[in-house]
Each structure stands twice: as C-alpha cells, then as structure tokens.
Amino acid sequence: MQIDAQKDESSAAYADTASKARKVFVKTYGCQMNVYDSERMADALASDGYRVTDNPEDADLLLLNTCHIREKAAEKVYSELGRIRQLKEARAANGEDLMVGVAGCVAQAEGQEIIRRAPVVDLVIGPQTYHRLPEALARARGGEKVVETDYAIEDKFEHLPRPEKEVIAARGVTAFLTVQEGCDKFCTFCVVPYTRGSEVSRPVGQIVREAENLVSAGVREITLLGQNVNAWHGAGPDGREWGLGELLRRLSDIDGLERLRYTTSHPRDMDDALIAAHRDLEKLMPYLHLPVQAGSDSVLKAMNRRHTAQDYLRLVDRIRAARPDIALSGDFIVGFPGESDADFEATLQLVEKVRYAQAFSFKYSPRPGTPGAERDDQVPEDVKSKRLDRLQALLRKHQSEFADSCIGTEIDLLLEKPGRLAGQLIGRSPWLQPVIVDANPSQIGEIIRVRITRAGANALFADKIQGESGSSTI
Ligand code: SAH
Ligand code: SF4
Ligand code: F3S
C-alpha cells in the first residue's frame, strides 16, 4: 500500500460554495484506502447536509482520517489536534461551535484513549462504522463524547449513500474503489490486522454497480483497493466465489472504463488467473505494487511473510513472462529486530535483481501489540538510518534509470488535471509516472498519444504527437 496517497491529501477534492450548508474539512493521512474512506465519509455527511470545504477556518466539523502504521504517522495526529484545540478555543470565544472527529486506524487502535489525551475531540469513529457517522455526530452534537469503534455486523457498503454524479465528476477522472478490507496475514511488524480487522471481500455485483456508476459520471481509470487486494475472493452473480483475475476481466468489459489498476498485493496471493489477467487484459495497466519487505529468508520468516526471497524472484519472473513491460513497485522495511548486516545485504541483492520502477522504504517502527515490538533484539536507530540511506540511494538510482529508459518512447497518456503552469496538463503513464504535457484543459479525461522528451525529478515531460489520438492500450 502506498503511504503517500496519490490523491489530494488535504481534503476531499470538491469544495462547495453554498454558504448555508454546514461544512466539513477532512484531513486524510495514510494510504489510498483512507483517501477512499474520506470520500465515503463525505458522502455520508452530504446526506446530513454537510458540504466539503478545503478551508479548515471555514468548517463546522473537522475530521481527521488517521493512520497508525508507524509511530510518526500516529503522533502527527496529536500535534494536529493541538493546533485544532487553539482553533476551537478561538471559535468558542466568538460563541461559535466547532466539532472535532477522529476517524481511521488511530481511532480504531486507540479509541477512548484519544479523548483522554486530546479532550478537544468530540467523536472517535473506526473504519467499519462510517455509515453510522451522521447518527454518531448527532449524539456528539448533543454533548456526548462518542466512541464508535465496534466491528459493525451490517455491511457498511450497503448503507453508505451513492455520491451524486456531479460530486464524482468533481473528484476527477481517476477513482479508487475498495473491494476488500482487513487482513488475516499478521505480519509481525504490522498493525493493519488489528486496526482494519479480518479480511472481508465485497461481492461482485456491488463492485460492478459502483464501477459503472463511477464511469457514467466520467471516471476513466479505476484502482481497486484492498489492504490485501489480491486476497479478494467475492461472491459472484453465478453463486461461485470469484478471484481478482476474474473480477478484473468483468470490469474490463465496462464501456467507457479505459484503465484498471489494483493495490496492494501480497506475493502469496498472486495466483495464475491474476497473472493471466496481466497477459490478456489491455485495460489492466502494466504496473504492479508487490511489496517484499526484505531480501533475507531469516528476516522474511521472522516477519511471518511466508515466502522466501527465491519464491518472490520466481514469482517476478512469471509475472514478467506474462507481461514483459510490467513495472514493479515495492515496499521495504529496514532494521526489523534481529536484522544483521548480512541480512540487509540480501535486501540490496534482491533489489539489484528486481530493479523496481518505484519503491517505498521505511525504518522499522515498533508498534504496540505486534510481536515484533516485543522482541529484545531491536536494531539501533543509527544503524537503521544508515541502512535506509543505502537502500534508498539504490532504489532512487533504479527509479531514475527506469524514467530515463522511457525518454524517446511513445505512450498513451490519460490527462487528469491542470499542471502547475498555464497551458500544461498532468497525466499518468501506463507505469503510473506523472507526465506533463502542453494541452487544453478541455482534454482532461482523454487519452492522448505523446512522446516522452525528458525525465525530471518527479515527473516525465512529453510532447503531443500531432494528428494521432490515443487508444486504450499502451
Ligand atoms: N498490505 C500491504 C502493506 C500495508 S502497510 C502488504 O502486505 O504489503 C504499507 C507498508 O508499510 C508495508 O508494506 C510496510 O513496508 C510498511 N510498514 C508496515 N508496518 C510497518 C512498521 N511497523 N514499521 C515500518 N514500516 C511498516
Ligand atoms: Fe500488514 Fe502483512 Fe497484512 Fe500487509 S499482509 S496489511 S503488511 S499484516
Ligand atoms: Fe495506515 Fe490504516 Fe492505511 S494504518 S496505511 S491508514 S490501513
């Protein structure tokens, strides 16, 4: 899962100017699942008369959608709540009210403790109960400190309202769609099985309806989300249980949907049908986020990843045989307890073999309640920092070599939004790189044919190929 979510981080991306409506400001931390959830919370609140604002000063309700994955992520929430306390006090001095809610994985993990540490908070709500948000908020407005972190028995997706077409359109031409939540893998470093609960897959019909609704409002690219997306196994309309490969085939039949992606995958759940989907489906983009975490078998075993480095490399070979131009992306943890210098060298060797087009790497952060945190062979902070620097230098080198290898090639580009300079638009390459090109804003949502001319630090630059329009393939 990519932690720096690709979508607008600060608030759901549609602000409303209607002055009468109550206004909510949503700040999103963490992964793409939280970006999706922030939009669902905005949808639930819309039915309660709230409009989203991108200005916290303007809001009647501040909602923090939080992440618990590493200590730093969780602590950010408390510093933000400190700033919010001042805002709330200033409001109160003017006789105005400001409600404060904490949602997401910190809410689920810490519950009541949040209100104890930060009394400014009126409402704590966990990811399984977002459909109950309006009702929980009504109680909070009545003066109750509300903590709503049950694992709901009902299916929240059945109860969350559908957004209006204009709302979907204002969010852009790409969209996330959560198909699976929770995790049963229990990697020994990770909080997700505790914050998101056990694995649940949404049924095919529900997913297809949501996808069709998005496409009818102008969405051209959908990224299926799950903490373990390729473990998805949902009930099909034929009464059988489907796998992700089959779901992708079904979705690629939707007219007007041009591109499909999915994230995050676990190496253990990459089955033959899913690999075949990469071979067969033109709409499935040649990009795969497939975290390995480490390259040493003893560390992988201690992490409970349940595969070896060799298993992973063989899997990568099979995927590349099916789709030779696929770009791989990964997550890495350095300094898991007991990781020796030799173990770390094995991670560098694996990286050399795979050559990732994109990667996210982190120092191990002990998380309360996980087995890794209990171990007495923690790696010192300075060793972790040095290892992270070396790993990141290598990953950066491969990433920029991959970007350079794109120069001179022709690709199809889905135009997503205005660039920083007038006359520029930003799109994504099939390999998820941002690409900047001179184009007219009316072309947002189109796929055009371009030639890559230059690789910058964070984006590629391209020229339109005159007289040719793009197709849905690369
Ligand atoms: N389900 C995904 C990962 C979700 S968490 C998977 O299995 O790959 C996203 C990433 O955060 C992980 O891949 C891991 O690299 C990192 N991460 C998780 N827990 C961590 C911890 N305690 N310390 C440092 N990084 C961590
Ligand atoms: Fe966390 Fe492992 Fe589950 Fe990924 S597979 S969410 S790393 S426990
Ligand atoms: Fe963070 Fe929760 Fe996502 S812990 S990474 S927001 S699933």
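Ala, Val, Leu, Ile, Met, Phe, Trp, Tyr, Cys and Pro count here as nonpolar, Asp, Glu, Lys and Arg as charged, and the others, Gly among them, as polar. By that division, the shell around ligand 1 holds 8 nonpolar, 4 polar and 5 charged residues. The model is a predicted one.

Ligand 1 has 17 residues around it, and those that come nearest are Phe189, Gln227, Gln293, Asp331 and Ser365. Polar atoms of three of these residues can be paired with atoms of the ligand. At phenylalanine 189 the partner is a polar backbone atom, 2.9 Å from a nitrogen atom of ligand 1. Glutamine 293 uses its side chain instead, with a polar atom 2.7 Å from an oxygen atom of ligand 1. In the side chain of aspartate 331, an N or O atom is 2.6 Å from an oxygen atom of the ligand. On its own, ligand 1 has 540 Å² of accessible area, and the protein covers 97% of that.

Where does ligand 1 sit? It occupies the largest cavity. Strand S13 (327-334) and strand S14 (358-363) are the elements that contribute two or more residues to its shell. Ligand 1 lies between domain 2 (176-268) and domain 3 (286-405), because both give residues to the shell around it.

Ligand 2 also has its place in the largest cavity. Its surroundings are Cys183, Lys185, Phe186, Cys187, Phe189, Cys190, Val192, Pro193, Asn228, His266 and Arg305. By class, these are 7 nonpolar, 2 polar and 2 charged residues. Phe189 is thus named in both settings: it is among the residues nearest ligand 1, and it is also one of those surrounding ligand 2.

Terms used
Residues numbered from 1 in each chain as written. Chains lettered and ligands numbered in written order. Predicted model: local features only at pLDDT ≥ 70, side-chain atom pairs only at ≥ 80, totals over all residues. Heavy atoms only, no water. Near = heavy atom within 4 Å. Polar contact = N/O pair within 3.5 Å; in protein donor to acceptor, adjacent residues only side chain to side chain. Areas by Shrake-Rupley, 256 points an atom, 1.4 Å probe, with all protein chains shown as cover. 1 Å grid on protein atoms, 1.4 Å probe; cavity = no way out; pocket = protein on both sides within 12 Å on 5 of 7 lines; lining within 4 Å. Sits in = over half its atoms within 2 Å of the grid points. Helix = DSSP H or I, 4+ residues; strand = E, 2+ residues; numbered from the N terminus. Domains from an automatic or database assignment.
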